[in-house]
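Opened a new model today and wanted a quick tour before anything else. Notes below, in the order I looked things up.

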Amino acid sequence: MKAIFAVTALAAAISGQALAADTETTTTFSGALDARVIYNMAGATEVLTPLDSTFDVDLNDDDDFLYGISMEVAVTNGPFSGSLGIESDEDTGVTATLGDLVVTDGNLSFGQVGGLMSTDEYIDASVTMAGDDDMEDGIAFRYVAAEGVTVQLGGDEANTTGTSIIASAQYAGAAGSLAYVVEGQMKASALGSELGLDAPMFVGAAATYSADIATVMAALNYTSDINGATDTDYAVNATTTVAGATLTVGYLEPSTETTDDEEMFGGVSYAIDVITLSAGYKMTTLADAGDEVTAGLGYSAGLMAYSADVTLGEFDAATASDALIELNATYSAASGVSYYGDYAMQGDATNSVTLGAKYSF
């Protein structure tokens, strides 16, 4: 979503009290609404899904397109910064959040500075790799010791069993086409020390090599828990463009302590003027299960866009899943409103048509 306006003011008034002359506030509003009509020609199914109802008129509350309106006020006063957010939607009502409270004085920052670790989501944020950065919601002191070297000391705000302290360090650098990061984290709690438990650890390393011919990313993570159990994961991803086609291949090992969980994937997309062709294959080491084949066709010209996608899951199983066929047509009006139609069919369970309109700002 994009902001419809932003107001910056010096000596602005909040709650009836004027701010100091060196205080700056930025207020941002955003909103979204997606109304749709769904007709499931397959009727109700035994499995509870959003398509159980034969007819439905509702607002799209999928995770990738929430509806509602929100306001965020960002405040800066000298070295201090913070934000106040107010969000309203039909599911949660009105929610107010106060966060990102940070003071930065030269190389030193303290407050809600966030997590320092990054290699656990280096390849793909949607892929769960080893590591659990407990500092995301905690309070910490962060210090940039040298160029590329950052250290952090803080606590786990979510810890309810006793006091805890988390020490983190990260080194990030670049050499020509190569960018790299090495990091580590250790967490110790008073309760853990009393019970003689180990201090959980996380160590990660990752690198990206970018060249004209290809971009290659790799990451390796190691963890240990309070019982001394260890685990390692690693992933590699490469993307290249050949003769106008974009090729992607990758490999993921989410746990060296678990068997039959590796994943290999590959895909290709090719754009020809207004037409885009795509295909992909995902393979897992699970016996007779888990593989997936996808194919897609897209067309976009002017205000109209069309797409057709086919997904065949459990491709290597004795009984493969029914093919999922998805069709879409979207018209984008000059006002910014998008009108769309979706069709989805998968065996006897899904045969639905969706007509909708959406707008976001």
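These entries go from the overall picture to confidence, then to strand pairs and a few side chains.

**Entry 1, overall.** I started by reminding myself that this is a predicted model. I looked up the secondary structure and got 1 helix and 24 strands. The protein has 361 residues, and 27% of them are buried. I then checked the surface: about 20800 Å² is exposed, with carbon and sulfur atoms supplying 60% of it. For contacts between residues at least 6 apart in sequence, I noted that 37% join residues at least 24 apart.

**Entry 2, confidence.** The average pLDDT is 83, and 80% of the residues score at least 70. Which elements have the lowest and the highest mean pLDDT? Strand S1 (residues 6-10) has the lowest, at 38, and strand S22 (residues 324-332) has the highest, at 97. I also looked at residues 1-21, where pLDDT stays under 50. The model still gives that stretch 42 contacts beyond four places in sequence, and I'm leaving those aside for now.

**Entry 3, S14 to S16.** I followed the chain through three strands here. S14 (residues 201-210) and S15 (residues 214-224) run antiparallel and are joined by 10 bridges. Their hairpin passes through 3 residues. As a marker for the register I wrote down Phe 202, whose bridge partner in S15 is Thr 223. S15 also pairs with S16 (residues 230-242), again antiparallel, over 11 bridges. For that register I used Leu 220, which has Tyr 234 as its bridge partner in S16. How many residues lie between S15 and S16 in their hairpin? There are 5, and Gly 228 in the turn has a positive phi of about 85°.

**Entry 4, S20 to S22.** I did the same further along the chain. S20 (residues 292-301) and S21 (residues 304-313) are antiparallel, with 10 bridges joining them. Val 293 stands opposite Leu 312 in S21. The hairpin has 2 residues between the strands, and Gly 302 takes a positive phi near 65°. S21 goes on to pair with S22 in the antiparallel sense over 8 bridges. There, Ala 305 stands opposite Thr 330 in S22. S22 is the strand I had already flagged for the highest mean pLDDT.

**Entry 5, rings.** I counted 5 aromatic pairs in the structure. One I opened up was Tyr 171 with Tyr 180: the ring centres are 6.0 Å apart and the planes are at 45°, so the pair is tilted. Are these two tyrosines buried or exposed? Tyr 171 is partly exposed at 36% relative accessible area, and Tyr 180 is partly exposed at 27%. I also found a charge over a ring: Lys 358 lies over the face of Tyr 340, at 5.3 Å from the ring centre.

**Entry 6, Ala 35.** Last stop was Ala 35, in strand S4 (residues 23-40). Its relative accessible area is 37%, so I put Ala 35 down as partly exposed. What does Ala 35 touch beyond four places in sequence? Its contacts are Asp 58, Leu 59, Tyr 340, Leu 355, Gly 356 and Ala 357. Asp 58 is 23 residues from Ala 35 along the chain, yet their C-alpha atoms are separated by 6.0 Å. Tyr 340, another contact of Ala 35, is the ring that has Lys 358 over its face.

Conventions. Residues numbered from 1 in each chain as written. Heavy atoms only, no water. Pairing = 2+ DSSP bridges. Phe/Tyr/Trp six-rings, centres within 6.5 Å; stacked < 30°, edge-to-face > 60°. Buried < 20%, exposed > 50% of the residue type's maximum accessible area, 1.4 Å probe, protein only. Lys NZ or Arg CZ within 6 Å of the ring centre and 35° of its normal. Contact = heavy atoms within 4.5 Å. Areas by Shrake-Rupley, 256 points an atom, 1.4 Å probe, with all protein chains shown as cover. pLDDT = per-residue confidence, 0-100.
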